[in-house]
Amino acid sequence: MPLFWRIFLLNAVVLITATVLLLGPVTVSTPVLLVEAFVLTVGLAAMLGANALLLRVGLAPLQRVTRAMSTTDLLRPGQRPEVAGRGEIAELISTYNTMLDRLEDERATSSARALSAQEDERRRIAQELHDEVGQSLTAVLLQLKRVADHAPPELREELSLVQETTRGSLDEIRRIALRLRPGVLDELGLASALKALTAEFGGSGLTVQHRLAPDLPDLGPEAELVLYRVAQEGLTNIARHANAHRAEVALRRSPTGVELRVQDDGQGIGAASEGAGILGMRERALLVGADLEVGPAAGGGTRVRLAVPVPVRGPAPVGTLPPVTTAPDRKHRT
């Protein structure tokens, strides 16, 4: 029965009952006696209570849908209100769940497309830095050496300083290009890439350790890219915000796949809202059907946990992400 007719019939029953009582043996004296006023008050309260109870029961599924609408997060998929009730209410809940399925699929598709374009752009920039800027600075460095060899003694010291500055700039460009596209991930695999990542972030008061299991299953390039990115973003947040002295990156086999943990002994995330970095990690986790948790660690600090299922499901049909990676500059993290 439609919701309109159920509410209408409920109110009709209440009104008909009141009319029958008035037309029946129950009468009201003039002036109203205390007993009659008490009976009328009790009867009115009973009818109002019954009406409220029946409406509460009938509209309870709508309240669950309202709560679901206010708490649904597309970056945490799978949250669905239970299809309950009858008629229009059940149809409404089912339609809402279908809408959530469509929105999550569309968000995953658009995220995969955006991240794929981002990876392509990083690869292009890294290639240009290596091929164009790097080679130009190498040529400048060789020319400075040739000039310094024929320069008078009073200019050699200044030319030597210029050489060192140029050499430092060349090394920095190579480091940036390597972070944009570290070949170790493509050539030596995820474990070696994570070891290099922990070595990069170690130092300057922060000790980064790694515990990488040797018996990891074959994950595929998309999942390895997501794992590397999450570890990279986790270490970046530790270096920027945690004021930590120790951090650890652990990768191990789990009953359903693999599990990555990045945690520190810093000040913790507290009640701070999730920033762009954590939201980016959640979007990447969705691409491979992974589960991401960010919260306080057992001994203090913050823990990032990423559980990747195996076999790994690829991203949306828009195409896979290219196997390239990046890391923000330690001196200019954003």
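Buried residues, those under 20% relative accessible area with a 1.4 Å probe and only protein chains counted, make up 34% of the 334 residues in the protein chain. The model is a predicted one, in which local features need pLDDT of at least 70 and side-chain atom pairs count only at pLDDT 80 or more, while totals for chains, interfaces and linings use all residues. Residues are numbered from 1 along each chain as its sequence is written, and side-chain values use heavy atoms, with hydrogens and water left out.

The protein chain holds eight helices and five strands, taken as DSSP runs numbered from the N terminus (H or I of at least four residues for helices, E of at least two for strands). Along the sequence these elements follow the pattern α-α-α-α-α-α-β-α-β-β-α-β-β. Contacts, meaning heavy atoms within 4.5 Å, often span long stretches of sequence: among those between residues at least 6 apart, 70% join residues at least 24 apart. The accessible surface, from the Shrake-Rupley method with a 1.4 Å probe, comes to about 19,600 Å², and 60% of this belongs to carbon and sulfur atoms.

Turning to the interior, the largest nonpolar core has 35 residues; such a core is a set of buried Ala, Val, Leu, Ile, Met, Phe, Trp, Tyr and Cys residues joined through side-chain atoms within 4.5 Å. Leu-227, Leu-235, Leu-260 and Leu-306 touch the most other members of this core. Two or more residues each are given to this core by α6 (190–201), β1 (207–212), α7 (221–242), β2 (246–254), β3 (257–264), α8 (276–287) and β5 (302–309). The largest share, nine residues, comes from α7. Another core lies apart from this one and has seven residues, including Ala-126, Leu-129, Leu-170 and Ile-173.

A closer look at β3 is helpful here. Six of the eight residues of β3 are buried, so this strand is largely enclosed by the rest of the structure. Strands count as paired if DSSP finds at least two bridges between them. Eight bridges join β3 to β2, and the two run antiparallel; a hairpin links β2 to β3 through two residues. In this pairing, Leu-251 stands opposite Leu-260 of β3. Seven bridges join β3 to β5, again antiparallel, with Val-262 opposite Val-304 in β5.

Leu-260 also has contacts beyond its sequence neighbours. Leaving out residues up to four places away in sequence, Leu-260 touches Leu-227, Val-230, Ala-231, Val-249, Ala-250, Leu-251, Val-304, Arg-305 and Leu-306.

Conventions:
Buried means under 20% relative accessible area, exposed over 50%, partly exposed in between (1.4 Å probe, protein chains only).
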